[in-house]
Amino acid sequence: MPKFTTYDGTELAYRIHGEGEPLVCLAGGPMRDAAYFGDLGGLAAHRTLILLDARGTGASAEPADPGTYRCDRQVGDVEALRAHLGLERIDLLGHSAAGNLATLYAAAYPERIRSLVLVTSAGRAVGVETTDEEWDKAVEVFADLPWYPEARAALDTIGPDTPLPHVLEIVAPFGYGRWDGAAQEHAAAAQRQVRWEAASAYHGEGAYDPEPTRRALAALTAPVLVLAGEYDAGPTPAKAAEAAAYFPHAELVVLPGAGHFPWVDDAEAFVRPVVAFLDPEVRTVTVDGVRLAYRVRGSQDAPPVVLVHGRGENSTTWAHIAEDLATDHRVYAVDLRGHGLSDRPGHYGFDVFRDELGGFLKALGLTGATVVAHSMGAGAACLLAQREPDLIGRLVLEEPPAFVPLDPPRPSAQRPEGPLGFDWEIVPSTDAQLNTPDPAWRADLPAITAPTLVLAGGPSSHVPQNHLSSLAAHIPDARLAGIEAGHLLHTDRPGAFLAAVREFGL
């Protein structure tokens, strides 16, 4: 493991895990070996994780002065690591108790923070604390689970003389969204990973002075992501929101079904908002309670165009097209729910995507934008243009469903093995609607007033081409153009695709 010497001569160690831009990660516990992070639920596939072993933990040396275990005395360790890494500014993640350390560092060195991620972070540094009574009330969310009565009874045995290792063992079931085998294994590792004498000193007297910290944070211009677990008792989502309010540019995301270690409870649900937040090309907006990621290119003053992907894809499928269109347009490429870096709420359908696309346009003030959409996304855009014809200025439908009942109907699809880049529940939901679509979806095509270009991929496409010509015939101001490319026109023949949309007037 690489090592460096911090401000008082103590040698500290850190792990390097993953690839991409570095993300410095501070472990909680307090004073727990950073090994408990693992790869943070797969976050290492997107960023190079710099996992610091705090002084006296893991492979780091013990300090000569045990008083330096106190949280505020470790701020210098973070700054020494930044200098050792040769980074002008850092992306910094703090979990649990280490959220206090990350906060104190941001207050002391606001100019060194590029972005800050606080994961189920204690808010003592800004004066937001959870009382024992509030914690006891919060864990009642688990009251209907079979393990709760015994675990709750054990809580009542905790007293001022209960050893910290035993306290941690008792409260462990309440720290996870699901007390399953993975959670139990993760919790058991804490017994050998926490430096107990250091943990007792971490929150020691004098560690925090909230009022000056809050004043100092007013100078923090970097964005802050505060992640809370829906089932976490400390902090609860309400407490996390209270702490987030002290940061000038903070966003609160509550992870459904998660506890204090959200990457253990649902790795993908944890990674998505973190990756979206850390990627400077990705922005987010909430539509009907669903957090949608999107990418933007082009001048703010240019006419807007919105790119909508097909089923199982995401905004990155438009990279080449977006680069070209951004020369004279403001290009927005969205990840629909269940796809890419957007939330996966578990409720899908063409009508759901229709309403979501409409909400996206309204939320960003894009009324009258040109919408270019592929396949499933084109189906949603077509339905939106019927329902709210004034919302879309021009419409490009690339290989859209024609909403003619399929004959024969699609059989039940089997989920492929391994992780997917989208929520599989989208497939059976939309297949059912393709087999027996709402008759109004085709009957209301004449309600579309936007000039429309329907792009057909030719005989190698799985979409019946006569259905597309019929679709275009039912839209009052539509034209049909063919590109021999199959179903994926904009990726397989981007030049021809761009020529067609440019000729259409983009």
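**Cores, cysteines and unusual backbone geometry**

Good morning. Of the 52 residues in the largest nonpolar core, the ones that touch the most other members are Val306, Phe360, Val371 and Leu397. Helix H15, residues 375–387, supplies the largest share of this core, with 8 residues. I should state at once that this is a predicted model.

Let me take one of those core residues, valine 306. Which residues does valine 306 contact once its neighbours within four places in sequence are left aside? They are Tyr332, Leu357, Phe360, Leu361, Leu366, Ala369, Thr370, Val371 and Val372. Phe360 and Val371 thus appear both in this list and among the residues that touch the most other core members. There is also a second, separate core, of 48 residues; among them are Cys71, Leu104, Val224 and Ala243.

Cys71 leads to the matter of disulfides. How many disulfides does a search of the whole structure find? The search returns 0. Consider cysteine 25: the closest cysteine sulfur to its own belongs to cysteine 71, and at 16 Å the separation is too far for a bond. Seen from the other side, cysteine 71 has cysteine 25 as the holder of its closest cysteine sulfur, again at 16 Å. A pair would have to lie within 2.5 Å to be counted. Are these two residues buried or exposed? Cysteine 25 is buried, with a relative accessible area of 0%, and cysteine 71 is likewise buried, at 0%.

I turn now to the backbone, beginning with the peptide bonds. The bond from glycine 234 to proline 235 is cis, with omega near 10°. Proline 235 sits in the loop that runs between strand S7 (224–229) and helix H10 (237–244). A cis peptide bond also joins aspartate 407 to proline 408, here with omega near 0°. The location of proline 408 is the loop between strand S14 (392–398) and helix H16 (426–435).

That loop between S14 and H16 also holds phenylalanine 403. Although phenylalanine 403 is not a glycine, its phi is positive, at about 60°. With a relative accessibility of 5%, phenylalanine 403 counts as buried, because the limit for that class is under 20%.

The last residue is leucine 40, in the loop between strand S3 (22–26) and strand S4 (48–53). Leucine 40, also not a glycine, has a positive phi of about 50°. Its relative accessible area is 0%, so leucine 40 is buried.

Thank you for your attention.

Methods
Residues are numbered from 1 along each chain as its sequence is written. This is a predicted model: local features need pLDDT of at least 70, side-chain atom pairs count only at pLDDT 80 or more; totals for chains, interfaces and linings use all residues. Side-chain values use heavy atoms; hydrogens and water are left out. A nonpolar core is a set of buried Ala, Val, Leu, Ile, Met, Phe, Trp, Tyr and Cys residues joined through side-chain atoms within 4.5 Å. Buried means under 20% relative accessible area, exposed over 50%, partly exposed in between (1.4 Å probe, protein chains only). Helices (H or I, at least four residues) and strands (E, at least two) are DSSP runs, numbered from the N terminus. Contact means heavy atoms within 4.5 Å.
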